[in-house]
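Here's a walk through one protein model, going from its core out to a few odd backbone spots. Have a look at the structure first, then read on.

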Amino acid sequence: MSNVFDYIAWRGDLSFAQSPFNEADSLILCRLSYIPFDGIAPADFHETISLADAAARCLHGAPFAGEDRLPAEADAAPHFRLADDARLLAALAASPRFSGARLTGYVNLFDPAEEKQFSALTICLADDLPYVAFRGTDGTLVGWKEDFNMSFRTVVPAQRDAVQYLCAASDTLPGRLRVGGHSKGGNLAVYASAFCGEEIQSRIESVYNHDGPGFLSEVIGREGFQRVLGRVRTFVPQSSVVGMLLQHEEGCSVVHSTNTWLLQHDLYSWETACNGLVPAAERTRSSRFIDSTLKAWLTQISPEERGRLVDGIYTALSASGAVTVADLNRPKTAVAVLREMKKLDEPTKAVLQQAVELLSASARESLPVVLEHMRKEKE
């Protein structure tokens, strides 16, 4: 099955004038925002670096063109989130379609006290439409905690930062814009586009949400959100879980992934064609089941109860010594988490027990509905 690397091989030698921008290009740029360009890509929108130069520094420790040495902060080799990220960066740097792109506005913020993880990158393409890319959640507990805060807060710190970032980018970059992101980054792209103001909204051509969660109904109903809704393009894999969280008013295009269940969230598993992404016939039964179960569950738990539940679990996870999600796979950490869960106060324990019971009830109620829906589709 083909993926973004095959797409780059097929279309990498063509300019955007020869082969116009499409959703596969958007997918690639969203993944590019995960590359650790700290100390390499400039934060100031008045400064840029070519993707080829940034890749050389990131992959090989090469200096800027015209420089004879690296700054001290760039001496250490970067840590790639996925092994394929280094391969992607090298492929883009060797591709005429992408190598001349200019990178600017790189921001990477992490604040445990504020429960904030935010990163963004703007890519100026040869077709003169900059792409503002918001990074998704990193592997830290803080990053995931902020995601879950969206289930009971109408705005989280990363969303406020996303609005400010898009406004700053639009102040410097003339003309029309594209905005996008993957996972939480997709949510941030939509939120920033919805609340950046009418003048900036009028310049946004498209907003790409690649398997990003939705919003609370109070957010969707606001005027700014409704104004940009028609330009939001949401893509989810056939077994999407993350992209189905909370509320989506826009339609979703289903994309074929070669992975299974939660692993389909990985953009490298999405199948590409020579002019975009390969559609799947429909979402899987498991995706529909989880979607309907979680939505029914959330309607039965107040925002205050959701907040207590999320805060309680996060407190236990943090107290265990875990910093990243990967840390939770260690046997010692798992034992520590269970020990910390027992220390939660009684009101939090009560909410946790109620949440488990309601989730089980929602699952029992949702499964027959999903099965009936699938039966009718086959007739």
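Leaving aside its neighbours within four places in sequence, which residues is Leu32 in contact with? Keep in mind that this is a predicted model. With those neighbours set aside, Leu32 touches Phe37, Leu51, Leu88, Leu89, Leu92, Leu103, Leu121 and Ile123.

**The two cores**

Leu32 also shows up in the bigger picture. The largest nonpolar core counts 41 residues, and Leu32, Phe37, Leu89, Leu103 and Ile123 are the ones with the most contacts inside it. Two or more residues of this core come from each of helix H1 (4-11), helix H2 (23-32), helix H3 (51-60), helix H4 (83-93), strand E2 (102-111), E3 and E4. The top contributor is H2, which gives 6 residues. There's also a second, separate core of 33 residues, with Ala158, Val190, Ile204 and Val232 among its members. As a general point, nonpolar side chains tend to be buried together in soluble globular proteins.

**The sheet**

Now for the strands. There are 8 of them in an open sheet with mixed pairing, in the order E1-E2-E3-E4-E5-E6-E7-E8. Strand E1 (49-50) and strand E8 (252-255) sit at the edges with a single partner strand each, so one side of each has no neighbour in the sheet. Helix H7 (residues 184-194) packs on the sheet and touches E3, E4, strand E5 (177-182), strand E6 (204-210) and strand E7 (232-237). The direction of H7 makes about 145° with that of E5.

Starting from the E1 edge, E1 and E2 run antiparallel and are joined by 2 bridges, with Ile49 opposite Leu103 in E2. E2 and E3 are antiparallel too, with 8 bridges between them. They form a hairpin with 4 residues in between, and Glu115 in the turn has a positive phi of about 55°. On the other side, 4 bridges link E3 to strand E4 (residues 131-134), again antiparallel. Here Ile123 stands opposite Tyr131 in E4.

**Thr122, a polar residue inside**

Thr122 belongs to strand E3 (residues 116-124), where it is the bridge partner of Thr104. Is Thr122 buried or exposed? Its relative accessibility is 0%, which means that Thr122 counts as buried. The side chain has a polar partner in there: a polar contact of 2.9 Å joins it to the side chain of Tyr165. Beyond its neighbours within four places in sequence, Thr122 contacts Phe45, Arg102, Leu103, Thr104, Gly105, Pro130, Tyr131, Val132, Tyr165, Ala169 and Leu173.

Tyr165 and Ala169 are both among the buried residues of H6, and so are Pro157, Ala158 and Gln159. Does the length of helix H6 (residues 157-172) agree or disagree with what its residue count predicts? At 1.5 Å a residue, its 16 residues should span 22 Å, and the end C-alpha atoms are 23 Å apart, which agrees.

**Val190 and the second core**

Val190 is in helix H7 and has a relative accessible area of 2%, so it is buried. Setting aside neighbours within four places in sequence, Val190 is in contact with Val207, Asn209, Phe215, Phe225 and Val232. For a sense of scale, the C-alpha atoms of Val190 and Lys145, which are 45 residues apart along the chain, are separated by 20 Å.

**Loop residues worth a click**

Here are some buried loop residues.

| Residue | Loop | Relative accessibility |
|---|---|---|
| Ser151 | between helix H5 (141-149) and H6 | 12% |
| Ser183 | between E5 and H7 | 4% |
| Leu246 | between E7 and E8 | 11% |

Ser183 has a positive phi, near 60°, in a residue other than glycine. Leu246 isn't a glycine either, and has a positive phi of about 60°.

As for Ser151, a polar atom of its side chain lies 2.7 Å from the backbone oxygen of Phe148. Leaving aside neighbours within four places in sequence, Ser151 is in contact with Leu216, Leu246, Arg306 and Val310. That contact list ties two rows of the table together, since Leu246 is one of the partners of Ser151.

Methods. Residues numbered from 1 in each chain as written. Predicted model: local features only at pLDDT ≥ 70, side-chain atom pairs only at ≥ 80, totals over all residues. Heavy atoms only, no water. Buried < 20%, exposed > 50% of the residue type's maximum accessible area, 1.4 Å probe, protein only. Polar contact = N/O pair within 3.5 Å; in protein donor to acceptor, adjacent residues only side chain to side chain. Contact = heavy atoms within 4.5 Å. Pairing = 2+ DSSP bridges. Axes fitted to C-alpha atoms, helices over the stretch in contact; angles between N-to-C directions. Core = buried A, V, L, I, M, F, W, Y, C linked by side-chain atoms within 4.5 Å. Expected span 1.5 Å × (residues − 1).
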